[in-house]
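Me: I would like to go through the labels used for this structure and ask what each one rests on. Please keep the reasoning short.

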Amino acid sequence: MRFALIGAGAIGAVHARLLEALGDEAVLACVVDQNLERAGELVSQYGGRAFATPAEAYAAEEVDAVGICLPSALHADVAIEALRAGKHVIVEKPVDITLAAADRLIAAQRETGLTVSVISQRRFQPPVAQIRAAIDTGALGRVTSGIAESAFFRPQSYYDGDDWRGTLAIDGGGALMNQGIHALDLLVWMLGRPVQVSAQTGRLAHEGIEVEDLAGASIVFESGAIGLMLASTAAYPGRPVRLTIHGDQGTAVLDDDQLAYFAAADASAPEVPALAGPDGWGPVELAHLAQYRDFIAAVHEGRPPAVTLEAGRRSLATVLAVYESARSGQPVELKED
C-alpha cells in the first residue's frame, strides 16, 4: 500500500518509521509539508518525494492511503480532501477538535465508502486487549467502575517549541485532548457509552498557554458504571498510563504497559502474548505498528478498522464534555452518538 504522510513534524517522523517497519506491506510514496525543507528531511531518510500540498502529491504520485500528522484542528478537513481524492485515511488523535468537524468527516467517509481509522494505538497492546476480552467473556462479571490515569509531564519548552501548541484554536485542548485522550479512549472502550460528565480542569505548571495541564473527571456510563479520569502534563517526572477496571466478579489493572494485576472469581489470569516488531521497540510503538497493520488489513478485506471514526468521535465528545463541565461547574449530559 502506497502512503502519503501529511505533516513532517515529530509525529510525522514517527509514522514514517512505522511505514518503514512494515516492510513489504507498505511504502512511503511521499511526504507533504508546507515546509518543504522539513518534508525533504523525512524523504531523505525514509524515501519517497516531498511536496508542499496534498493536491500536488495526489496529482504526481500514485497514493492509496494517507496518514495525517498535522495539528489537531486541521485533521478533518485534510482527511476529507484525501477522501475526495479517493484515498483511505489514518488520522492521528484526536479526530479533530469539534464535533462538527468530526461529523463532516464521518459524512464524507460514508459517502465515499473508503476506510478511515483514528489512531488509538493503546487498544492494540496485548494486556489491554486481554482486559477487554475478560469483559467480553464475562470473566469480570458486571463492570462497575474504572479508573484511568495519564499522569504525564511536559516541560515548558514543549509548549514553547511550536506556536500552535497550547492554543484553543489549533490544539483544541491540553493534557486531556492531546495526551490523556489515549487513556480516556481505553476507559470508554471498556465501560461503554458515557452519558454524564462532571469535571474540573486547571493550568498549574505552565505559562503562556490557553489550555489545561490538569483535568479530573467523573464519568457516568449508560450501564450505570462510573469512571474516573485524571490527565496531566504537570506530573513530574511522568508515569506510564494506568488503567483499572473493576467488576462484581473481578478486577484487572494495566500499569507500565503490563497486566499488573488480575483477579476473577471464576477465571485465571490470561496469558499475554507479545506483539511482533523490530527489536528494541517499546510496547506503545509496537501497538502503533499493530494499528497500522489492522488499517491495511481493513482496506484489503473491505471491513471496518478496529478503531473507527465513530469511536474517535465518542472519545472527542467525552473530552469536550469535560471542558464544558469545567467551565460551567455543572454536570454535562452527553447525547446519543
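Me: Why is Asp256 called partly exposed?

Reply: The model is a predicted one, and the values here are computed from it. Asp256 has a relative accessible area of 44%. Partly exposed covers what lies between under 20%, which is buried, and over 50%, which is exposed, so Asp256 is partly exposed.

Me: What makes the phi of Asp256 worth a remark?

Reply: The phi of Asp256 is near 55°, a positive value, and the residue is not a glycine. Asp256 sits in the loop between β12 (250–255) and β13 (258–264). Asp257 lies in that loop between β12 and β13, and Asp257 likewise has a positive phi, about 65°, without being a glycine.

Me: Is Asp257 buried or exposed, and how do you know?

Reply: Asp257 has a relative accessible area of 14%. Buried means under 20%, so Asp257 is buried.

Me: How do you know that the chain is as compact as a globular protein of that length?

Reply: The chain is made up of 10 helices and 14 strands. Its radius of gyration is 20 Å, and the globule rule gives 20 Å for 337 residues; the two are close, so the chain is as compact as a globular protein of that length. The C-alpha trace spans about 60 × 45 × 40 Å along the principal axes. Of the 337 residues, 53% are buried.

Me: What share of the contacts joins residues 24 or more positions apart?

Reply: Among contacts with a separation of 6 or more, 70% are between residues 24 or more positions apart.

Me: Why is the pair Phe153 and Tyr236 called edge-to-face?

Reply: A pair of aromatic rings is described by the distance of the centres and the angle of the planes. For Phe153 and Tyr236 the centres are 5.2 Å apart and the planes stand at 90°. Rings pair if their centres lie within 6.5 Å, and planes over 60 degrees apart count as edge-to-face, so this pair is edge-to-face.

Me: What parts of the chain does the pair of Phe153 and Tyr236 tie together?

Reply: Phe153 is in the loop between β7 (143–151) and α7 (156–160), and Tyr236 is in the loop between β10 (226–232) and β11 (242–247), so the pair ties together parts 83 residues apart in sequence. Phe153 is partly exposed at 28% relative accessible area, while Tyr236, at 67%, is exposed.

Me: How do you know that Tyr158 and Tyr159 form an edge-to-face pair?

Reply: The ring centres of Tyr158 and Tyr159 are 4.9 Å apart and the planes are at 85°. That angle is over 60 degrees, so the pair is edge-to-face. Tyr158 has a relative accessible area of 21% and is partly exposed; Tyr159 has 4% and is buried.

Me: Why does Gln156 count as partly exposed, and what does it touch?

Reply: Gln156, in helix α7, has 26% relative accessibility and counts as partly exposed. Leaving aside residues up to four places away in sequence, Gln156 touches Ala205, His206 and Glu207.

Me: Which peptide bonds leading to Pro94 and Pro237 are cis?

Reply: The bond joining Lys93 and Pro94 is cis, with omega about -15°. Pro94 is placed in the loop between β5 (88–91) and α5 (99–112). The bond from Tyr236 to Pro237 is cis too, with omega near 0°, and Pro237 is in the loop between β10 and β11.

How values were computed:
Residues numbered from 1 in each chain as written. Predicted model: local features only at pLDDT ≥ 70, side-chain atom pairs only at ≥ 80, totals over all residues. Heavy atoms only, no water. Helix = DSSP H or I, 4+ residues; strand = E, 2+ residues; numbered from the N terminus. Rg over C-alpha atoms; globule rule 2.2 N^0.38 Å. Buried < 20%, exposed > 50% of the residue type's maximum accessible area, 1.4 Å probe, protein only. Contact = heavy atoms within 4.5 Å. Phe/Tyr/Trp six-rings, centres within 6.5 Å; stacked < 30°, edge-to-face > 60°.
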